[in-house]
Amino acid sequence: MELTVWTYEGPPHFGAIRVAAAMKGVHLVLHAPQGDTYADLLFTMIERQGQRPPVTYTTFQARDLGSDTAELFQGAARAAAERFRPELLLVGASCTAELLQDDPGGLAKAMDLTIPVIPLELPAYQKKEDWGAAETFYRIVRGLVGPATSDRPARAQGQPPACNILGPTALGFRHRDDLIEVRRILDALGIRVNVVAPLGARPADIARIPDADFNVVLYPEIAGTAADWLARAHGQPRTAIVPIGVGATRDFIAEVAALAGVDPAPALALGPSHLPWYSRSVDSLYLTGKRVFVYGDATHALAAARVATEEFGFELAGLGTYGRTFARDIRAAAKDYGVEPLVTDDHLEVEEAIRAAQPELVLGTQMERHIAKRMGIGCAVISAPAHVQDYPARYSPQMGFEGANVLWDSWVNPLVMGLEEHLLTMFRDDAEFSDEAGPSHLGESGQRAADPVEPANDDPGTGPAWDDEAERELRKIPFFVRGKARRNTESYAASRGNDRITIDTLYEAKAHYAR
């Protein structure tokens, strides 16, 4: 564990809270100090849920450390069971309480509660949030699903095939809307959804998971471990394709249809998605070949890399993830794309990689949005962690054919708006568009709110000095490549021993690097 001003994932008990908050009839008792209750804000403020997560904190304080904190935990667990009357009680410890070594699982077992209790081992100093969510869901499935039986009845003649949808949680990136889109596909295929879990599932629903023919795994980071166990213990096959993008959605439909033994045609006819039209249109030619840097959780990063290269015609400039569990998948994909893989949860390393790659668009998390803004680069958020604006009230999936439309809107707009901003920059000397002019929609009385701020990657730095005429000419270059033009010109001038850059130097550098 290290001190940082930003983290891509919380500690593993955050993942446990995401699973508990997604389910019904489940309560989590967390052995934690008073300060660890801030996790509630993630659900009430960012995802804007109408109720607090179903979590009881022991909230021990410094003065309690001299007494029996184990008794404090048992009192909190007993009070939670009596007050909330859950169908399942989860018990665990936060990162701080882990140091006390009170063993919440053993303490809860000794209480002889009348409800099922599942202890969670959440090693906060080795693992992180997504692992915690996966481990919690796995323990719930393992604890509630009975042993495999050899007398499982075959599906009756005429009965539709059934599947489970595994992976959606609370505070998941567009999980609510992805689920709607995937159910739409399954309905078109005539496949009955047996259980959706964790989102909306009760403990009794978890016990029914083996009744389905196969499992649809939407988010491997969350449901992969449980789905693999179900495949081994109950012989339930699972999907491997995540339906993000038109191509992946079609592949997903074919995979699911093969598992269910049905015709994929009705689902393939859904839509239409407008993304293929855009990819064939003349408008896309303006953006073909644009360099894009992709970073996020492995599921969304891998999907975004495929969509960006195959459906938008972008060139991949970088690919990375903060999830070390899926580092092998990222490295294999990066090798296929011919880029250097980035597996790190250090945002400063990510920023340096973006700066070195010099992309024209960044697809990442909330942190990459901040990084790209400082560099003057367009950005779209494709993965958690995200801020409140990326949990929209409107229907905005990432998966399925409608999800492809959302990708088109959210990925292309940062580049298109960048081009419009460049046009305003080109005409800055015009009376209407000059820096001194107020907003045109306010008429002559409009006042300029603030001086324009140059992108961070356009800072003059400590290189050769620029003449005013050369600076004005540099501003005519599109903002998203202006930083590179400045650096190239300064490098060219330094190699020639020039301590001042004129307009002639600018054009000489342009001709030099164009060779």
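Six nonpolar and two polar residues, with no charged ones, make up the lining of the largest cavity in this predicted model. That cavity is a modest affair in number terms, with a volume of about 40 Å³, and the count of cavities of 30 Å³ or more comes to just one. The names on its wall are Ile244, His300, Ala303, Ala304, Ile382, Gln398, Leu407 and Trp411. Two helices, H12 (298-310) and H16 (400-426), each put at least two residues into this lining, and H12 gives the most, with three.

Turning to the pockets, the second largest holds about 640 Å³ of space. Its lining runs to 32 residues, and those closest to the centre are Ala21, Glu47, Gln49, Gln51 and Ala170. By class, the lining of this pocket splits into 16 nonpolar, eight polar and eight charged residues. Helix H1 (12-22), strand E2 (55-57), helix H3 (69-84) and helix H6 (175-189) each chip in with at least two lining residues. The largest share comes from H3, which supplies four.

Out on the surface, Tyr38, Leu41 and Met45 come together as a nonpolar patch, and their accessible area adds up to about 330 Å². Met45 sits in helix H2 (residues 40-46). With a relative accessible area of 49%, Met45 counts as partly exposed, because the exposed label needs over 50%.

Definitions and conventions: Residues numbered from 1 in each chain as written. Predicted model: local features only at pLDDT ≥ 70, side-chain atom pairs only at ≥ 80, totals over all residues. Heavy atoms only, no water. 1 Å grid on protein atoms, 1.4 Å probe; cavity = no way out; pocket = protein on both sides within 12 Å on 5 of 7 lines; lining within 4 Å. Points joined across faces, edges and corners; volume = space filled by probe spheres on them. Nonpolar A, V, L, I, M, F, W, Y, C, P; charged D, E, K, R; others polar. Patch = residues over 30% accessible without salt bridge, like charges linked within 9 Å, V, L, I, M, F, W, Y side chains within 5 Å. Areas by Shrake-Rupley, 256 points an atom, 1.4 Å probe, with all protein chains shown as cover. Salt bridge = Lys/Arg side-chain N within 4 Å of Asp/Glu carboxyl O. Buried < 20%, exposed > 50% of the residue type's maximum accessible area, 1.4 Å probe, protein only.
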